[in-house]
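Biologist: I would like to learn how to read the contact between two chains in a model. Could we start with the strands and then move outward?

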Amino acid sequence: MKVKVGDEIPELVKQPTTRQLVRYAGAQGDFYEIHYDQDYARSVALPGVILHGLLKAAFLGQLVTDWLGDSGTLKAFEVSYRGIDQPGRPYRCRGKVVKEDGRNVELEVWGEDPDGNRTTVGSATVEMREPA
Amino acid sequence: MAATDVLDRLRGRIGTTAPPVSAVVEAGHLKRFAEAIGDPNPRWLEEAPPTFLVALVPASMHLAEAEEYGKGWLNGGNRFEYIEPVKVGDRITGTGRVADVYEKAGSSGTLLFIIFETEYVNQHGRPVARLRGTAIRR
């Protein structure tokens, strides 16, 4: 696979639902009520239940591994949560190549809400099997 | 102010290591996790997807006194470093520690930041991954 700085990787649009939040809470073992109990979420000044940060990280992980396939290995992956996201709103995951040095490639990755706010931002470092 | 006292007590926990926690990567758990995140890649029937380790071994230590600060928790961010793939059947041991505790002014008041670091080692004693997580009390 050929990559160059500036390339955008294919985007991934996820459609999170409250059902998915409950499934994720169970699969991760994170039962913090802000992810499935509307009344509790509002009692801590949130507009309602919100996505787990780590679920958004998983979406961005999928963005990268879908693009990478078996062309390389994920070496590091970092995400920072800048805003909350609610179920019922599509979550658009995007990424761009920002550095390329032989087999080492760095991507900027981010997740956008429907208003275009980058509520999750991060980076992924991959080692390609063949020099880019 | 009580918050200062909580901050001091929490800062005293910097460097504290939690008892190691071990768990075997089970095919059923891996499948449930991949289904929950909605990633249909068949690769995840055998291998752990990028964020799976947080579901295997708790990624942060329970610091009860932190709950005296603010109203709720927020996840600030996570950084994963991958050394070796984690596969079905692997026995992973995670050891977490409190790396840092500090207060920072946010747009709606002061926030408390707790940085956790976890190292994951497999059944052969080889490190497979590291995780750094930022937990925030608001």
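Modeller: This is a predicted model. Begin with a single pair across the two chains: A:Glu78 has B:Arg79 as its bridge partner in β2(B). The neighbouring entry to look up is A:Val79, whose bridge partner in β2(B) is B:Asn78.

Biologist: How many bridges join the two strands, and do they run parallel or antiparallel?

Modeller: Strand β2 of chain A, residues 72-81, is joined to β2(B) by five bridges, and the strands run antiparallel.

Biologist: Which strand of chain B itself pairs with β2(B)?

Modeller: That is β5(B), residues 127-137; the pairing is antiparallel and has nine bridges. As one example, B:Glu81 lies opposite B:Arg130 of β5(B). β2(B) thus pairs with a strand of chain A and with β5 of chain B.

Biologist: Now the contact as a whole. How many residues does each chain give?

Modeller: Chain B gives 28 residues and chain A gives 30 residues. About 2400 Å² is buried between the chains, with carbon and sulfur atoms giving 53% of that area. On the chain B side, B:Ala36, B:Ile37 and B:Tyr82 supply 21% of the area this chain buries against chain A, more than any other three residues.

Biologist: And the charged and polar terms: how many salt bridges are there between chain B and chain A?

Modeller: There are two salt bridges. A:Arg23 forms a salt bridge with B:Glu35, where the closest N and O atoms are 3.6 Å apart. Polar contacts are listed by residue pair: 13 pairs between chain B and chain A, both residues at pLDDT 80 or more.

Biologist: Which elements of chain B give two or more residues to the side that touches chain A?

Modeller: They are α2 (27-37), α3 (53-56) and β2 (73-82). The largest share, nine residues, comes from β2(B). Sorted by class, that side of chain B has eleven nonpolar, nine polar and eight charged residues.

Biologist: One last feature, accessibility. Why does B:Gly109 count as partly exposed?

Modeller: Read the percentage against the two cut-offs: under 20% is buried and over 50% is exposed. B:Gly109 counts as partly exposed because its relative accessibility is 37%, in between those limits. This residue is in strand β4 of chain B, residues 109-121.

Biologist: How far apart are the C-alpha atoms of B:Gly109 and B:Arg138?

Modeller: The separation is 8.1 Å, for two residues 29 residues apart along the chain.

Definitions and conventions: Residues are numbered from 1 along each chain as its sequence is written. Chains are lettered from A and ligands numbered from 1 in the order in which they are written. This is a predicted model: local features need pLDDT of at least 70, side-chain atom pairs count only at pLDDT 80 or more; totals for chains, interfaces and linings use all residues. Side-chain values use heavy atoms; hydrogens and water are left out. Contact means heavy atoms within 4.5 Å. Buried area is the accessible area (1.4 Å probe) that two parts lose on being put together, summed over both. A salt bridge is a side-chain nitrogen of Lys or Arg within 4 Å of a carboxyl oxygen of Asp or Glu. A polar contact is a pair of N or O atoms within 3.5 Å; within protein, one must be able to donate a hydrogen and the other to accept it, and residues adjacent in sequence count only if both atoms are side-chain atoms. Helices (H or I, at least four residues) and strands (E, at least two) are DSSP runs, numbered from the N terminus. Ala, Val, Leu, Ile, Met, Phe, Trp, Tyr, Cys and Pro count as nonpolar, Asp, Glu, Lys and Arg as charged, and the others, Gly among them, as polar. Two strands pair if DSSP finds at least two bridges between them. Buried means under 20% relative accessible area, exposed over 50%, partly exposed in between (1.4 Å probe, protein chains only).
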